[in-house]
Every structure is written in C-alpha cells, then in structure tokens.
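Hello,

Here is the structure we talked about handing over, with the sequence beside it. Please open it first and keep it in view while you read the notes below.

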Amino acid sequence: MLSIITRMCFSSEQIGNKEVCCGAGCDGCVQGEGSMEEASLDRLCVLYHSENYLVVNKHWDIRIDSKFWAEERTVQKQLKHHFPDLADPATYYGFRFCHQLDFSTSGALCVALNKAAAGRAYHFFKNRLVTKAYLALVRGSVPEEKLMIDFAIGKNSTEGKTHMMCVEETEGCENPKPSQTELNVLEYGVYDGDPVTKVLLQPRTGRTHQLRVHCSAIGHPIVGDYTYSLGSDNSPYRMMLHAYMLQIPLEHEPLQVTAPDPFLPTTDPKWSPQTVLLTVDCVVEGILERSRAKQTESPKHNVCERRSSPEETEESRVQCQQWLSEWSLD
C-alpha cells in the first residue's frame, strides 16, 4: 500500500506550548513554511509520520543540523523539542536524516527513526531510485518550455569562491562530475517588477548545489540566491527553491510526500503570475509515471541490492562508510 500524505488537512496538535502541524494542506504548513515569517523552534510542520520515518516541511533559512551547539534553530533541535522520545542518543545529532537540503531551501525532508529504516532508505538514495522534484522561481523568461540541463559540476577552487560549486570549463573548476537536471516551465510572471519564470526541477543526479548551479549556468539564476548571484540578489526575503515532492519506493512502506507550494501571490504579493503553461500536478504525474516504469524494470524483492549501478567513486565510498558507521544494521 502506498504511504502518501498530500494536500490533506488535519488539525494541529498542541503539545504543551509546542505546535505540531500534521498534514501537508493545513494552514500551519502553508502559512508557516510558506509565509514570510522566520523559522522558530516551536513550530514544526509534519507531512508524514510512521514507526520508521518522519517527513517534515523544512523551513527556509534553517540548517538541518549544526556542530555549533550554540545555534538555536536547526531542524534537529526542532525535532528534539517536539519529539524528545524519538531522539537516539547513540547518534551524534539524535536523528538520522536520509538526505540533505541546503540552508536556504525549504520543503520535504525525510528522517529515519531507527537504524534499519535508515539503512533501507540509504540503499534507495545510493542507487538513484528516489524521485525528487523542486519548485523554483528563476530570473528572466526561460524560452524553452522543457529542457535537460547537462553540465558537469565540480568544486570551485577560485579564491573567495571555495564555498561554491561550478560547471565544467569554468576557471578553477576541479573534478567536475556528470550532472543532469530536467526543467519544466510552469508559469511566466514578474517578481517585484522583474520578469521571472516558475519552474519544476527534477535532479537526475545529486551534486552539491546542483539546481542552483545549473539554473545559474543557463542564465536564469534562482530568485534570492545570494551565493550564486555573488551577493547581488539580496532583496527577496528568501531563496525561491522548494523541495516539493519526495518519493522513496521502499518495499514495505513506499513513501510519496508533497510539501505545499510556497510560491503563491497570496503568500508573497511581489510574485505575480501572468501566463500559466502547466500545473505542477500535471508535470509531477508525468515524472511519477516514468518512475513507476523504471521500478517495474527490476524485481521488487531486494531491488536495491539487485539493481546494477556504476562503480562507486571514492566520494561515494567515504559517504557509505560514514552512513554505515552510524547506521549499520543490527
């Protein structure tokens, strides 16, 4: 049975003085994570919760975790605040995050609640069997309604830019790796008087800052991306990138979760859509159809172990060891 929570409204649960919003379509999730208010420790939007997994709608401008314990607002601390009994003292941060979202990115974030669940999820991420889709507002009018962005991405070694990634053939770009992002145009409009395009992005690979780098590389950087605009795009209240949909085809608990669209004129009146080409649901359904077809190509039983994959890189092996050292199965 498919485990899916999408656009369903549940009442908020009051836990002492803490508010946990349960459900993707409730006002708390839409107004909290989609509003212009800053993140708070007390407010957490839960999209899905089972014995094995918890999916939250991460707020923009908040880290998932931090080695600096003085940092008061992180997703890890939100979870510990609301779900202290779920924290595992055997792990460094108390919770096993299945994947990463940038500090400035909002949206669906999956947390494994035990070592076995973490191990199962890891295999699906490692073997590229997870499907993700992101909403974004990008600068300018993207002329192609659909395109595949195919630029290898590497580490930027240029002085003053070592915290950034770059595309191949950029000066100072080290060890670029193949990277692909599918872009679908949803709407054309204006943001604060300037032309922008609302797009749905599907990463086919998982490089650091991939969506931000790819959008910048085609001349349509993400609205509010301070880093990849070199500090010039600093007027929006946030970076307009949101993890909209997450699908993990786990054998016994397949997950498909959506986090409500925060890029609406009712949330931010500076955004004014003018021409609608496609609805997000229409594009997502096409992505999921391809995903289902891909899954049927392999036997359902132990699909992650049986699926063939390219030889692991050193980076992958290091990451694997890091995961397994903390999440090894009993």
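**What was found**

Trp60 is buried, with a relative accessible area of 4%. Please keep in mind throughout that this is a predicted model.

A search of the whole structure finds two aromatic pairs. In one of them Trp60 meets Tyr237 in an edge-to-face arrangement, with 5.3 Å from centre to centre and 80° between the planes. Trp60 belongs to the loop between strand 5 (53-58) and helix 2 (75-82), while Tyr237 belongs to the loop between helix 4 (210-217) and strand 15 (241-248), so the pair ties together parts that are 177 residues apart in sequence. Tyr237 counts as buried too, because its relative accessibility of 19% falls under the 20% cut-off.

Tyr92 and Tyr93 form an aromatic pair that is also edge-to-face, at 4.8 Å centre to centre and with 85° between the planes. Tyr92 is partly exposed at 48% relative accessibility, whereas Tyr93, at 16%, is buried. A ring is involved in another way at Phe103, where the charged end of Arg63 sits over the ring, 4.9 Å from its centre.

The loop that holds Trp60 is also the place of Asp61, since both are found between strand 5 and helix 2. Asp61 has a positive phi of about 55°, although it is not a glycine, and with a relative accessibility of 28% it counts as partly exposed. His209 likewise has a positive phi without being a glycine, in this case of about 60°. You will find His209 in the loop between strand 14 (194-203) and helix 4, and it is buried, with a relative accessible area of 17%.

How much of helix 2 is buried? Six of its eight residues are, so the helix is largely enclosed by the rest of the structure. The buried residues are Val75, Gln76, Lys77, Gln78, Leu79 and His82.

Leu79 appears again when we turn to the largest nonpolar core, which has 53 residues, and in which Leu79, Leu200 and Leu201 touch the most other members. Strand 8 (residues 131-139) gives the most to this core, with six residues. If residues up to four places away in sequence are left out, Leu201 touches Lys132, Ala133, Tyr134, Ala136, Thr181, Glu182, Leu183, Leu211, Cys215 and Leu241. Apart from this core lies another one, of 22 residues, and among them are Tyr53, Ala117, Phe125 and Ala259.

The last residue to look at is Met164, which is placed in the loop between strand 10 (153-156) and strand 11 (165-167). Is Met164 buried or exposed? At 6% relative accessibility, Met164 counts as buried. Its contacts, not counting residues up to four places away in sequence, are Lys155, Asn156, Thr227, Tyr228 and Leu230. Met164 and Val213 are 49 residues apart in sequence, and their C-alpha atoms are 8.8 Å apart in space.

With best wishes

Key. Residues numbered from 1 in each chain as written. Predicted model: local features only at pLDDT ≥ 70, side-chain atom pairs only at ≥ 80, totals over all residues. Heavy atoms only, no water. Core = buried A, V, L, I, M, F, W, Y, C linked by side-chain atoms within 4.5 Å. Buried < 20%, exposed > 50% of the residue type's maximum accessible area, 1.4 Å probe, protein only. Helix = DSSP H or I, 4+ residues; strand = E, 2+ residues; numbered from the N terminus. Contact = heavy atoms within 4.5 Å. Phe/Tyr/Trp six-rings, centres within 6.5 Å; stacked < 30°, edge-to-face > 60°. Lys NZ or Arg CZ within 6 Å of the ring centre and 35° of its normal.
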